[in-house]
Amino acid sequence: MSLTNNANNFHNLFLESKQDQPDTIRIPDRVELRSSPRSRQGSPSRSPRLGPSRFMNGEKSGSFVGAELLGILWGSRKKQSKKVKRKGGKVWYHKNRVKGLVVVIALVGLFFLVNWFMLLRLQDHRVGRHTGSSRNSSSVSVQGKVKKISKGKKQYNGIYGRMLALAAHALAEGQNKREPKDLWQEPVVPASAWRPCADQHNWEPSEGKNGYIMVTANGGMNQQRVAVCNAVVVARLLNATLVVPKFMYSSVWKDVSQFSDIYQEEHFINYLTPDIQIVKELPEELKSLDLEAIGSVVTDVDIRKESKPSFYLKNILPILLQKRAVHFVGFGNRLAFDPIPFQLQRLRCRCNFHALKFVPKIQETAALLLERLRRHAARPGLLDHYLVGPRAVSAMIARSDRAAKASRYLALHLRFEIDMVAHSLCEFGGGEEERQELEAYRQIHFPALTELEKTQKLPSPAMLRSEGLCPLTPEEAVLMLAALGFNRKTHIYVAGAQIYGGTARLVALTSLYPNLVTKENLLTPAELEPFLNFSSQLAALDFIACTAADAFAMTDSGSQLSSLVSGHRIYYGGGKMPTIRPNKRRLATIFLKNNTIEWKVFEQRVRKAVRQTKHVQSRPKARSVYRYPRCKECMCLTD
């Protein structure tokens with residue numbers, strides 16, 4: 001098996017197990033940005049091991065090729081010289097020997113000339129390098145020009161110190177420049193041709209007479225949401241009655257929230273009545289049954305990831321008919337996206353985009369959040385009516401300042417919590433101390449992954465990074481935003497703000513973009529108090545703030561929150577809700593050149609990489625309808 005296949009297999013394993021982790025972690029104190037506690041709080045000083053990639057397909061550096069070429073030429077001339085006959089005397093021999101030496105000397109001279117020119121170019125483009133006595137100096141080179149740094153201005157260290165200095169300079173120079181035209185836009189015409197239509201029914205209600213489906217969903221709020229909609233589809237497929245889903249308690253997150261604490265239970269039951277039968281509890285005659293003892297409990301171990309409907313008809317339906325109840329425990333991503341009948345796929349979309357509405361407590365607090373993000377402007381957002389409900393929207397308008405101008409904001413889902421960092425098996429510049437810390441975390445929280453490390457040769461951190469399988473760091477995220485053209489005054493809402501690495505990892509983000517906020521410093525302690533210790537309910541606030549944003553940027557495409565937010569923005573956005581989906585493989589190639597690349601070149605390459613992800617396309621086969629709802633089952637394409 002090739003190394004590329006090994007990396008892809010590891011990526012699939014990573015995505016399957018990652019779904020058990022909440023996307024947003026609660027921040028208990030009201031501070032500007034709370035960071036996870038660490039023994040080391042300083043900025044990482046060592047870069048990840050980014051040596052020669054195994055994916056270089058045999059490419060060699062210029063110096064190596066030059067030396068090899070000289071060796072070949074010199075060797076061939078030696079072989080040829082042995083075959084040369086001595087006819088013609090010493091004069092002929094010396095003439096040919098001189099010619100050969102001249103050729104070799106010329107090649108050697110050319111080799112050194114090329115290397116000297118490359119070194120000269122590198123020196124010309126060094127920016128922000130401080131060594132020895134110059135560490136306390138106040139000069140930074142920007143594209144060959146020396147700029148003085150006044151006292152109090154930030155000097156950046158770490159892997160991306162040079163690039164961050166360039167970004168800061170570019171943002172300072174471009175404060176009065178217009179942002180790129182497409183920064184806050186989607187390709188409106190092709191995107192607006194798609195309209196929501198998953199609410200349409202054209203079948204008879206299910207009688208649910210084959211038994212009862214129970215589900216206890218694991219993971220965070222977003223993983224649980226997917227499990228609920230998949231359970232709705234399985235209940236219809238098996239002609240079963242669904243019991244209102246329950247959420248698994250995690251000893252790590254200690255969140256006791258249940259379905260009715262997050263979603264409007266009555267709306268869920270009533271909205272889906274034309275599709276399936278839903279009850280709040282099992283009937284009395286089944287409550288006393290020990291479902292595990294009679295073989296009615298089905299776990300994720302029993303069901304392959306993304307199993308086809310035929311699996312459920314063949315394996316689950318017989319149990320249901322015999323025992324009258326089946327209890328799915330976990331149920332993370334256990335239903336395939338293709339192949340699946342048209343109406344069942346539409347039911348999946350109907351559940352996600354229409355049946356699951358947040359409870360008034362969450363909607364009203366989220367409305368306050370949106371109000372303050374938009375600076376009390378009277379005009380509600382495009383998705384506000386769906387996200388917070390008409391009642392909360394009316395209250396927002398009543399409290400608004402009609403003279404105020406709406407303030408645009410960018411929502412950034414910075415998925416760099418310790419669980420993500422540890423599970424990725426990547427390196428982030430913290431050296432041996434970081435490796436030991438993350439390995440200790442894996443041993444406690446991901447024992448299966450630790451065992452896998454012992455028994456199999458997993459891809460190296462350098463390979464994972466080159467394949468785009470590492471989460472973007474806060475430094476990489478801010479460099480991406482600066483390169484895309486977001487100016488320094490941009491208002492940024494950060495979701496998932498408990499960042500691994502301490503406050504040092506946030507310095508670049510907060511210094512380059514000072515108008516950065518979280519729900520913790522937009523809401524008062526009294527407004528946040530009902531949500532404390534409930535990570536799923538806090539995640540719901542982040543979900544609404546990100547979905548309603550004028551622009552949304554994700555840093556990890558595998559995150560469930562980013563996927564669901566992106567899908568909602570497509571479904572309800574009408575082509576006016578742009579989402580930035582970075583291609584991490586392409587960005588990794590760009591970031592590898594951080595010591596030499598010019599800022600203008602960096603800008604061009606990042607913009608090109610991100611612009612390609614904005615293309616309007618229908619859902620690729622076998623991909624999630626929650627993330628890519630542009631398909632005939634979920635949306636209708638107008639002529």
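**Disulfides, cores and a buried arginine**

Cys 634 counts as buried because its relative accessibility is 0%, below the 20% cut-off used for that class. The structure in which this cysteine sits is a predicted model. The partner of Cys 634 is Cys 349, with 1.6 Å from sulfur to sulfur in the disulfide that joins them. Two distant parts of the chain are linked in this way: Cys 349 belongs to helix 11 (residues 342–355), while Cys 634 lies in the loop between helix 25 (599–611) and strand 15, and 285 residues separate the two. Cys 349 is likewise buried, with a relative accessible area of 0%.

It is worth looking at the other disulfides too. A search of the whole structure gives three of them. In one, Cys 197 is bonded to Cys 636, with the sulfur atoms 2.2 Å apart. The torsion about this S-S bond is about 100°, so the disulfide of Cys 197 and Cys 636 is right-handed. Here too the link spans distant parts of the chain, 439 residues apart: Cys 197 is placed in the loop between strand 3 (194–196) and strand 4 (212–217), and Cys 636 in strand 15 (residues 635–637). Cys 197 and Cys 636 are both buried.

Another disulfide pairs Cys 426 with Cys 470, at an S to S distance of 2.0 Å. The link of Cys 426 and Cys 470 is left-handed, with -95° about the S-S bond. The two cysteines are 44 residues apart and again connect distant parts of the chain, with Cys 426 in the loop between helix 14 (418–424) and helix 15 (431–445) and Cys 470 in the loop between helix 17 (461–466) and helix 18 (474–484). Cys 426 has a relative accessible area of 5% and is therefore buried, and Cys 470, at 5% relative accessibility, also counts as buried. With bonded cysteines counted along the chain, the disulfides of the protein follow the pattern 1-6, 2-5, 3-4. Two further cysteines can be added to the picture of burial: Cys 229 is buried, with a relative accessible area of 0%, and Cys 351 counts as buried at 0% relative accessibility.

Attention now turns to the nonpolar interior. The largest nonpolar core has 95 residues, and Phe 268 and Phe 328 have the most contacts inside it. The element that gives the most to this core is helix 6, which supplies 10 residues. At least three residues of the core come from each of domain 1 (160–185 + 359–416 + 471–573 + 579–613) and domain 2 (212–355). Apart from this core lies another, of 59 residues, with Leu 469, Ala 482, Tyr 500 and Trp 599 among them. Beyond its neighbours within four places in sequence, Phe 328 is in contact with Ile 213, Met 214, Val 215, Thr 216, Val 234, Val 298, Ile 303, Tyr 312 and Ile 316.

Helix 6 (residues 221–237) also holds a charged residue, Arg 236. Arg 236 is buried and yet has no salt bridge. The nearest side chain of opposite charge belongs to Asp 275, 5.3 Å away, so this pair falls outside the 4 Å limit for a salt bridge. With residues up to four places away in sequence set aside, Arg 236 touches Trp 203, Glu 204, Pro 205, Ser 206, Pro 274, Asp 275, Ile 276, Leu 344 and Leu 347.

Definitions and conventions:
Residues are numbered from 1 along each chain as its sequence is written. This is a predicted model: local features need pLDDT of at least 70, side-chain atom pairs count only at pLDDT 80 or more; totals for chains, interfaces and linings use all residues. Side-chain values use heavy atoms; hydrogens and water are left out. Helices (H or I, at least four residues) and strands (E, at least two) are DSSP runs, numbered from the N terminus. Buried means under 20% relative accessible area, exposed over 50%, partly exposed in between (1.4 Å probe, protein chains only). Lys and Arg count as positive and Asp and Glu as negative; His and the chain ends are not counted. Contact means heavy atoms within 4.5 Å. A nonpolar core is a set of buried Ala, Val, Leu, Ile, Met, Phe, Trp, Tyr and Cys residues joined through side-chain atoms within 4.5 Å. Domain bounds come from an automatic or database domain assignment. A disulfide is a pair of cysteine sulfur atoms within 2.5 Å.
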